[in-house]
Amino acid sequence: MVDTFIQTGLDIIVFTPESPIENESLKIMALLQSGISRVHLRHPSVSDNDIRAILDNVDKMYYPLISLHDHFSLTKTYPVGGLHLNRRNPVPPHGYTGCLSQSCHTIDEVKQSSGMDYVTLSPIFDSISKPGYRSSFRPADLEKLTASPVPVYALGGVTSENIESLRHYNFAGAALLGAIDWNRISIELKTDIKC
């Protein structure tokens, strides 16, 4: 399943579902071992302790490849590789110096994102995870991404059937949410892997 996306040669980021899932820590490590470049830990309605429980079970060598969407205070204890700014958390903690990414929903927001390491733009296609959340981007809008000050990842409705169409625009890669079936991720980890 994930291999189909990796085989495209595009850079792939995966967002976790809203609620924690069984064996999530093992599945995060398996995704990163498979060639996914980064996992965004996105559980807005859980406690810091719930996120700690996930991170405590992820091998520390994977921390640099994990971004948090919430629970930014955990960066004091867990050296995760990034923070993702959004409407709930629009500003990083004072003094934070790691990778910063941001959610964008318009081309204008992308143009104003010069301080970020990368951004996501959504929904590029009709959302899989949020029924009724429809794309409003026309090809002419997406062609404006060539002037983006930072790398842009397509988010929203990206599937194995439409991912190749992202090559027509200036996307750095794709961010996947609804296209990932977390129940089908094998948790057999390789022991000889090095990040």
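# A tour from R42 to the largest pocket

Select R42 as the starting point: with a relative accessibility of 12%, R42 counts as buried (under 20% relative accessible area; exposed means over 50%, partly exposed in between; 1.4 Å probe, protein chains only). The model is predicted, so local features need pLDDT of at least 70 and side-chain atom pairs pLDDT 80 or more, while totals for chains, interfaces and linings use all residues. Residues are numbered from 1 along each chain as its sequence is written, and side-chain values use heavy atoms, with hydrogens and water left out.

**Salt bridges**

Add E18 to the selection. E18 and R42 form a salt bridge (a side-chain nitrogen of Lys or Arg within 4 Å of a carboxyl oxygen of Asp or Glu), with their closest N and O atoms 3.5 Å apart. E18 lies in the loop between β1 (11-15) and α2 (24-34), and R42 in the loop between β2 and α3 (48-56), so the pair ties together parts that are 24 residues apart in sequence. Helices (H or I, at least four residues) and strands (E, at least two) are DSSP runs, numbered from the N terminus. Unlike buried R42, E18 is partly exposed, at 43% relative accessibility.

The structure holds five salt bridges. For another of them, select R88 and D70, whose closest N and O atoms are 2.9 Å apart. R88 sits in the loop between β4 and β5 and D70 in the loop between β3 (66-68) and β4, so this pair links parts 18 residues apart in sequence. R88 is partly exposed at 46% relative accessibility, whereas D70 is buried at 7%.

Move next to R138 and D141, where a salt bridge joins the side chains at 3.1 Å, N to O. Here R138 is exposed, with 53% relative accessibility, and D141 is buried, with a relative accessible area of 12%.

**Strand β2**

Now display strand β2 (residues 38-41), which contains R38. What is the nearest side chain of opposite charge to R38, and how far away is that side chain? The answer is D11, at 7.7 Å; R38 is buried yet has no salt bridge. For this count, Lys and Arg are positive and Asp and Glu negative, with His and the chain ends left out. The side chain of R38 does reach the backbone oxygen of P64, at 3.2 Å.

H40 also belongs to strand β2. At 0% relative accessibility, H40 is buried, and its side chain makes a polar contact of 2.7 Å with that of Y118. A polar contact is a pair of N or O atoms within 3.5 Å; within protein, one must be able to donate a hydrogen and the other to accept it, and residues adjacent in sequence count only if both atoms are side-chain atoms.

**Helix α2**

Select S25, which is located in helix α2 and is buried at 8% relative accessibility. Then add V58: the C-alpha atoms of S25 and V58 are 5.2 Å apart, although 33 residues separate the two along the chain.

**The largest pocket**

Finish at the largest pocket, which holds about 560 Å³ of space. Of its 31 lining residues, S103, H105, S122, K130 and L155 are closest to the centre. A pocket is an open set of points on a 1 Å grid where a 1.4 Å probe fits, with protein on both sides within 12 Å along at least five of seven lines; lining residues have an atom within 4 Å of a point. Colour β4 (82-85), β5 (99-104) and β8 (171-176), each of which supplies at least two lining residues. By class, the lining comprises 12 nonpolar, 13 polar and six charged residues, with Gly counted as polar.

Definitions and conventions: Points joined across faces, edges and corners; volume = space filled by probe spheres on them.
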